[in-house]
Amino acid sequence: MGKYLGLDSSTQSLTGLIIDTRTGQLEAEVSIPFDAHFKAAYGIDKGVLHLGGGQVHSAPLMWAEALDLLLQTLRDQGHDLGQIEAIAGSGQQHGTVYLNETAAGALGQLRGTAPLRDQLAGIFSRATSPIWMDTSTTAQCQELEAGVGGRGALLELTGNTAFERFSGPQIRKFAQEDPAAYGRTAYIGLVSSYMASLLAGKLVAVDPGDGSGTNLMDIRSRQWSPRALAACAPDLDHKLLPITPADRPAGPLSPYFVSRYGFAPGCQVFPFSGDNPCSLIGLGLVEPGQVALSLGTSDTLFACMDQPRVSALGEGAVFASPDGTHYMALICFLNGSLAREAVRDRHHLDWPGFTAALRQTPPGNQGALMLPYFAPEIVPRVAEAGVVRHRLDANNPQAEVRAVIEAQALSSRIHSEWMGVAIRSLCVTGGASTNEEILKIFADVHGCPVYRFETANAAALGAALRAHHGHLKASGAPRPWKEIVAPFAKPLPGSTIQPNPAATAVYKTLIDEYRKLEQAHIG
Ligand code: XUL
């Protein structure tokens with residue numbers, strides 16, 4: 001025993017990860033890529049359906065089929081699912097699932113003799129689910145903000161201004177455009193609550209972490225806001241599944257999974273959360289001031305906050321942490337690898353050449369600065385691409401390389417100030433995190449230790465850790481989060497870089513110069 005399963009229902013795949021908490025090891029990690037199995041049957045491309053006009057949907061029945069396939073694969077690989085004590089999961093955030101009045105009954109009567117697909121095809125009042133890539137709801141965002149008293153009011157109430165991808169605007173659009181189907185909808189849930197419902201064989205509530213991605217949840221009370229629901233769509237308070245604490249067991253696993261895959265009858269199901277809130281746990285960020293930065297195409301910063309602070313400028317999303325007490329901030333800097341690669345290519349460098357340039361140049365770059373907007377930027381909001389150089393020679397490859405990395409580090413510092421959290425440690429993941437010279441600059445600019453973390457799937461790991469934490473608590477032997485995450489979310493050995501005080505002092509002055517430069521160019 002001591003084994004837990006974490007599932008991650010993401011845009012392009014469903015992943016299952018089993019942890020063995022007695023050994024501190026990952027026992028299994030299996031992914032079902034949707035395109036490889038369901039492309040023809042569901043007409044998807046990279047997991048999604050492009051329906052025109054910015055509408056991007058996916059197919060909830062496909063996610064159910066993927067669940068069967070994933071569990072069968074784990075079994076075929078020889079994993080004894082009977083040893084799993086509890087399951088929790090993560091879902092791509094914001095996506096909504098629309099069920100008719102037969103759903104609760106169908107979920108409760110699942111028989112192990114036929115696949116989920118055959119038994120659940122009739123439960124949807126809308127065959128497809130709008131997901132986070134959908135950008136078609138600008139009008140509904142404005143209407144929702146106006147309906148609760150303005151942009152600032154929605155921000156204060158829910159922790160976020162209205163975003164096109166968030167569930168509230170998506171639900172409103174459906175109610176407006178297809179009132180008949182909306183009328184036939186008995187239950188609205190999220191990707192996360194839908195996947196948990198399949199497992200529990202009954203409708204499972206939404207957790208506050210994913211509830212925060214709807215524009216409909218009061219971020220302080222962690223309950224639906226009647227004001228936001230009323231402004232969103234008719235009768236929504238009756239249709240939307242309730243919110244439940246993430247660590248309250250949803251119930252035992254449906255007998256369907258017991259008979260079909262050999263799970264133990266007592267295996268518990270916990271509410272699923274969003275993929276980002278689960279990643280917060282999977283990265284070990286369970287104390288305020290712990291921050292992670294994923295260096296990918298875009299750079300994404302995750303932070304654990306003690307309070308639901310918001311950015312007046314809309315520079316990040318705020319979600320409740322599924323740890324039950326804290327909050328998470330998510331800030332996306334669009335010009336991540338995009339900008340690093342643009343500089344590398346502009347100067348015909350390879351990565352070793354890029355790294356050498358960082359080694360050959362001093363912290364502070366002798367006052368040379370760059371605003372690295374190679375593409376329009378999300379944080380800070382910059383509508384049009386345009387690189388700004390200040391005391392920077394565009395023909396000097398070394399200075400250019402240092403300028404782009406310093407800009408990214410300074411920007412991550414300046415635009416996370418609204419969190420009101422002193423950053424104590426920075427965990428860096430993603431492609432560029434293997435570059436020690438880049439990490440040194442982030443350590444010096446933030447004045448805190450930086451360490452590397454390697455994760456195939458932080459969301460699925462976070463889900464498995466949530467199952468462990470919830471199971472111990474439900475068994476009357478709770479353990480602090482810090483102890484739960486420690487064996488699995490640890491720095492790569494030897495990867496920790498301490499800040500250099502002399503360089504940190506240089507950056508202290510440069511932060512204000514960079515801020516002034518930004519303000520001069522983007523107001
Ligand atoms: C977060 C967001 C995405 C989705 C899909 O706000 O839209 O990260 O959660 O992963």
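**Cavity and ligand, checked against the cut-offs**

Me: What makes up the lining of the largest cavity, as far as elements supplying at least two residues each go?
Reply: β19 (369–373) and α17 (397–414) each supply at least two, and α17 gives the most, with three residues. Helices here are DSSP runs of H or I with at least four residues, strands are E runs with at least two, and both are numbered from the N terminus. Bear in mind that this is a predicted model: local features need pLDDT of at least 70, side-chain atom pairs count only at pLDDT 80 or more, and totals for chains, interfaces and linings use all residues. Residues are numbered from 1 along each chain as its sequence is written, and side-chain values use heavy atoms, with hydrogens and water left out.

Me: Why is this called a cavity, and what volume does the largest cavity have?
Reply: Because on a 1 Å grid over the protein atoms alone, a 1.4 Å probe fits at its points but cannot get out. The volume is about 80 Å³, taken as the space filled by probe spheres set on the points, which are joined across faces, edges and corners. The structure holds one cavity of 30 Å³ or more.

Me: How do you know which residues line the largest cavity?
Reply: Lining residues have an atom within 4 Å of a point. Among them are Phe333, Tyr373, Glu377, Val379 and Tyr514. Val379 also starts a cis peptide bond to Pro380, with omega near -5°.

Me: What makes a ligand contact polar, and how do Arg165, Asp275 and Asn276 do?
Reply: The pair must be N or O atoms within 3.5 Å. From a ligand oxygen to a polar side-chain atom, Asp275 comes in at 2.4 Å and Arg165 at 2.8 Å, while for Asn276 the distance to a side-chain N or O is 3.0 Å. Each falls within the cut-off, so these count as polar contacts. Alone, the ligand exposes 290 Å², of which the protein buries 84% (Shrake-Rupley areas, 1.4 Å probe).

Me: How do you know where the ligand sits?
Reply: It is placed in the largest pocket, because sitting there takes more than half of a molecule's atoms within 2 Å of the grid points. A pocket is an open set with protein on both sides within 12 Å along at least five of seven lines.

Notes: A polar contact is a pair of N or O atoms within 3.5 Å; within protein, one must be able to donate a hydrogen and the other to accept it, and residues adjacent in sequence count only if both atoms are side-chain atoms.
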